[in-house]
Amino acid sequence: MYRSLVFGFLCALSIAAAVTGDPCPNVTFTLKQTLSGYLSSVENLHTTDYDHDGKLDLIGTIRDANNDASLYSWRGVGDGTFETAVSLGATQVLDLQIVNVNNDAYDDLVIADGEFHISVRPGGPSGFGSAIVNNLDVLPSDIQIGNFNEGDSNVDLVVSTFGVFVLYRGNGNGTFTEVRRVTNDANDWTTDNTVADFDNDGRFDVALARRMSEQLQVYFRNADGTYASPVSLPAGAWPAAIATADFDHDGFTDLAAVNWDDGMINVYRNLGNRTFSRQILNGRMPGLSYGNLNSIQLVDINADTHPDIIAGPANGTAVVTYLGEGNGSFRSATWSSLPSTVTGSIVWGNFDADSDLELATGSYQQLFIHDYSCASQVIGYDVNRVISTGQTAKFRAAVAGISSSIPAPLGTVTFKEGATTFGTVDIDATGFASLDYAGLGAGDHTVTAVFNGNSVVSTATSAGFLERVVTTPSSIILTINPSTHAEPFDVYATIMPRGMSAYDYYRLTIDGIAESANRYSSIPAQLTLNAGPHTISAEYPGGFFDPPASSLVYNFTTAKHSVTLAKSGDTNVRQGTAHTIQINTNTPTSPTGSITLFRGATQVGSGAITNSVATITATLPRGAYEYTAVYAGDANYLSGSTSFTLTVMPNSPGTIDARASGLTVFVPALVPQGTTATTMYRRVHGTVPWSAVASWSTGSPFDNGPFTYGVVYDYRLDATVSAQIQQSNIDTAVIYTDPTLDAGVTPIKLAHFTELRDAINALRATASLPPFAFDGTFGAGAVIRESHISALRTAATEARAVLGMAAPAFTDASPAGANVKRVHITELRDAAD
């Protein structure tokens with residue numbers, strides 16, 4: 001009921017006699033016969049003269065109340081009409097082909113059924129014989145005929161079903177033998193298949209229509225009989241049927257497919273190198289937002305030697321015809337009204353022995369026969385069924401039969417109400433005309449579109465279509481939640497119609513770009529935008545009783561997204577090798593730019609961000625240092641940083657680095673490959689024996705003491721590798737007196753400097769340097785002078801340079817005349833570590 005209302009209220013179709021001369025520029029079909037009384041849908045229609053009386057007959061299936069399809073025939077009378085249906089006995093039919101299988105003088109029926117059979121009913125002088133049954137191990141959802149065995153003339157089959165298509169060689173007697181099986185995605189439903197030699201190599205290829213992935217897949221056959229990986233062609237929402245023809249007469253077979261969900265027709269021109277170019281044709285009658293296609297026929301319907309397209313609706317009101325120009329282009333469409341909105345199959349044939357082709361359409365409980373007609377056609381409609389006073393009426397028209405081959409001018413369309421003319425506009429190269437008219441008064445207006453003709457297509461006037469003008473407007477208001485880059489946020493639409501409609505769909509315009517798909521106010525619109533300023537508005541198209549409405553234009557700003565930098569990988573590395581450090585931004589999309597790595601104020605490397613990760617490669621000095629990774633931000637992301645400690649150890653199979661950490665000693669280790677056991681040892685520097693550190697393990701590398709303040713300790717790791725002990729380097733650490741020097745609280749003591757001399761000389765021993773000749777006057781009661789600090793700095797710097805460690809940075813580079821400060825001691829402790 002809803003779709004019938006839409007057609008009658010919105011859209012008007014009219015035809016008039018075409019300009020004299022062949023070929024016909026506008027082919028339409030008019031209803032001639034209705035055969036009815038069937039339980040359900042009439043499908044799988046084919047033509048053949050099965051009783052050999054010189055008159056075309058129809059064979060197809062009729063579904064019963066249980067949705068089981070059984071085979072029937074309709075005997076042609078010869079005047080374009082048919083007798084009532086006669087059962088042919090076969091049930092659970094899934095697909096049907098009519099072809100001469102056994103190489104005699106008669107066509108045979110090839111029937112795929114739901115019992116995993118391919119049955120052949122041999123044709124004879126007066127009908128079809130008993131079935132020759134071929135048992136399969138796959139469900140034959142779709143079948144197509146071809147010749148895959150190039151060495152004979154027998155008819156072969158390709159069967160497609162879930163997850164596979166199978167080639168069967170015809171044996172010439174109604175039986176078939178499997179010769180090839182090609183698997184594909186079982187979750188992607190194959191809705192139809194076709195067979196052709198697409199690359200002109202003498203071998204038949206296979207094309208599949210794939211529902212879930214919304215594509216066609218063309219499998220090209222190799223010389224050894226195998227198939228190459230498929231060439232995928234985008235198709236749109238639910239490709240339902242495919243067919244082949246050479247639309248541009250270049251010698252290469254082209255493809256065409258119709259879509260169930262969006263009602264589009266895809267034309268794929270074969271470029272000859274296993275590639276195709278795609279053209280999209282509208283399969284829905286102008287002015288209608290629905291119409292699902294499930295049938296396609298390619299035939300020269302107007303006898304100009306060029307293939308044409310006839311497509312049928314599964315859920316619509318008209319069959320669409322596109323007449324081919326012979327160069328891959330098509331004239332603008334004609335539309336042939338159907339008595340039913342549900343069509344299961346279409347087929348063409350010369351049913352009355354004249355020079356024209358007729359059309360049969362299977363529908364729900366009915367079979368329709370349509371006569372060929374050559375007539376001009378214009379469809380008039382309005383964009384909005386209802387408008388309010390002050391709003392602009394949007395009149396549109398589609399003229400059939402227009403193409404680039406027609407000499408200019410292409411013609412004009414006049415929109416009028418009775419004797420009142422609203423305006424005359426040119427049609428474009430697709431036959432489309434558009435007039436926006438302001439000033440209609442309140443009430444109902446019956447408008448017609450008049451095509452004024454051109455040198456090829458004659459004049460035509462559409463039937464009247466209704467434009468209703470009401471005095472109460474509709475409105476639509478948006479509520480926008482706060483937004484952050486790359487994070488979904490909600491937009492709510494509140495539609496306030498005049499109170500007579502339940503329609504709640506609308507479309508958004510975001511930053512000046514209008515959406516093509518409807519949204520519904522009952523469901524929040526979830527958007528994801530880049531950072532920065534944006535505009536958004538909404539359009540409510542109106543309904544049967546409601547005028548359209550436009551919201552205000554809303555301005556808002558999407559915030560930049562934060563970054564949370566995090567380092568991944570090892571924190572302990574070996575000296576003298578290039579170290580790879582990865583920094584993850586932990587962001588929903590990848591920021592741009594790079595991340596820079598610093599040691600203090602010194603830049604040590606940078607890396608560009610790819611897939612949210614920056615990889616930085618640098619050769620680092622020995623020792624434990626704090627590094628900071630810094631990201632400066634970009635147009636969508638804020639700046640960020642993270643700090644972490646990297647410990648660079650001597651480059652040996654087993655190596656350690658010991659340093660004080662509060663009241664414990666942290667001793668990370670890199671162990672040799674193949675290590676099965678480890679033991680950490682400690683001793684007072686330069687003495688024997690060694691003692692095992694019970695608290696240490698590779699997972700928790702801490703020595704928890706006990707310790708004596710100010711004593712230098714040596715550490716060594718023993719690793720068991722292949723039952724042999726391998727010893728690491730020896731490293732030193734000190735738990736200093738007053739580990740934490742608090743400003744204004746902890747006094748500077750002689751012990752602080754004595755401990756530093758011992759620790760620095762231990763560092764020098766590690767570097768194979770002699771003990772430093774410190775000032776001998778230094779001792780109890782001595783005054784701490786700048787020379788004492790300078791000596792400690794010099795001793796530590798020399799050792800660090802030999803060990804490949806970074807040169808230390810000291811406060812008061814020349815301490816002469818400066819007071820001894822807490823920071824001087826802290827810096828020297830760090831330098832001795």
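Glycine 804 follows helix α3 and has a positive phi, near 75 degrees. The model is predicted. This report covers α3 and two helices that pack with it, α2 and α4.

**Helix α3**

The 18 residues of α3 should span 26 Å at 1.5 Å a residue, and the end C-alpha atoms are 26 Å apart, so the two values agree. Its buried residues are His788, Ile789, Ala791, Leu792, Arg793, Ala795, Ala796, Ala799, Arg800 and Leu803. Their cover includes strand β53 (623-631) as well as α2 and α4.

**Helix α2**

Helix α2 runs over residues 750-766. Its 17 residues reach 25 Å from first C-alpha to last, close to the expected 24 Å. Buried residues in α2 include Phe753, Leu756, Ile760 and Leu763. Charged side chains are not excluded: Glu755, Arg757 and Arg764 are buried too. Strands β62 (712-721) and β64 (731-734) help cover the buried residues of α2, as do α3 (786-803) and α4 (822-832). Serine 768 comes after α2, with a positive phi near 60 degrees.

**Helix α4**

In α4, the buried set is His824, Ile825, Glu827, Leu828, Arg829, Ala831 and Ala832. These residues pack against α2 and α3.

**How the helices cross**

Both pairs below involve α3.

| Helix pair | Axes come within | Crossing angle |
|---|---|---|
| α2 and α3 | 9 Å | roughly 25 degrees |
| α3 and α4 | 10 Å | roughly 25 degrees |

Angles under 35 degrees count as roughly parallel. Therefore α2 and α3 are roughly parallel to each other. By the same cut-off, α3 and α4 are also roughly parallel.

The α2 crossing with α3 is left-handed. On the α2 side, the contact uses Phe753, Leu756, Arg757, Ile760, Leu763, Arg764 and Thr766. On the α3 side are His788, Ile789, Leu792, Ala795, Ala796, Glu798, Ala799, Arg800 and Leu803. By class, this contact holds 10 nonpolar, 2 polar and 4 charged residues.

The crossing of α3 and α4 is left-handed as well. Here α3 offers Ile789, Leu792, Arg793, Ala796 and Arg800. They meet His824, Glu827, Leu828, Asp830 and Ala831 of α4. The residues of this contact divide into 5 nonpolar, 1 polar and 4 charged.

**Shared residues**

Some α3 residues serve both contacts. Ile789, Leu792, Ala796 and Arg800 are among those that meet α2, and these four also meet α4. Each of the four is buried.

Key: Residues numbered from 1 in each chain as written. Predicted model: local features only at pLDDT ≥ 70, side-chain atom pairs only at ≥ 80, totals over all residues. Heavy atoms only, no water. Expected span 1.5 Å × (residues − 1). Buried < 20%, exposed > 50% of the residue type's maximum accessible area, 1.4 Å probe, protein only. Contact = heavy atoms within 4.5 Å. Axes fitted to C-alpha atoms, helices over the stretch in contact; angles between N-to-C directions. Parallel < 35°, antiparallel > 145°, perpendicular 65-115°, else oblique. Left-handed = near helix turned anticlockwise from the far one by under 90°.
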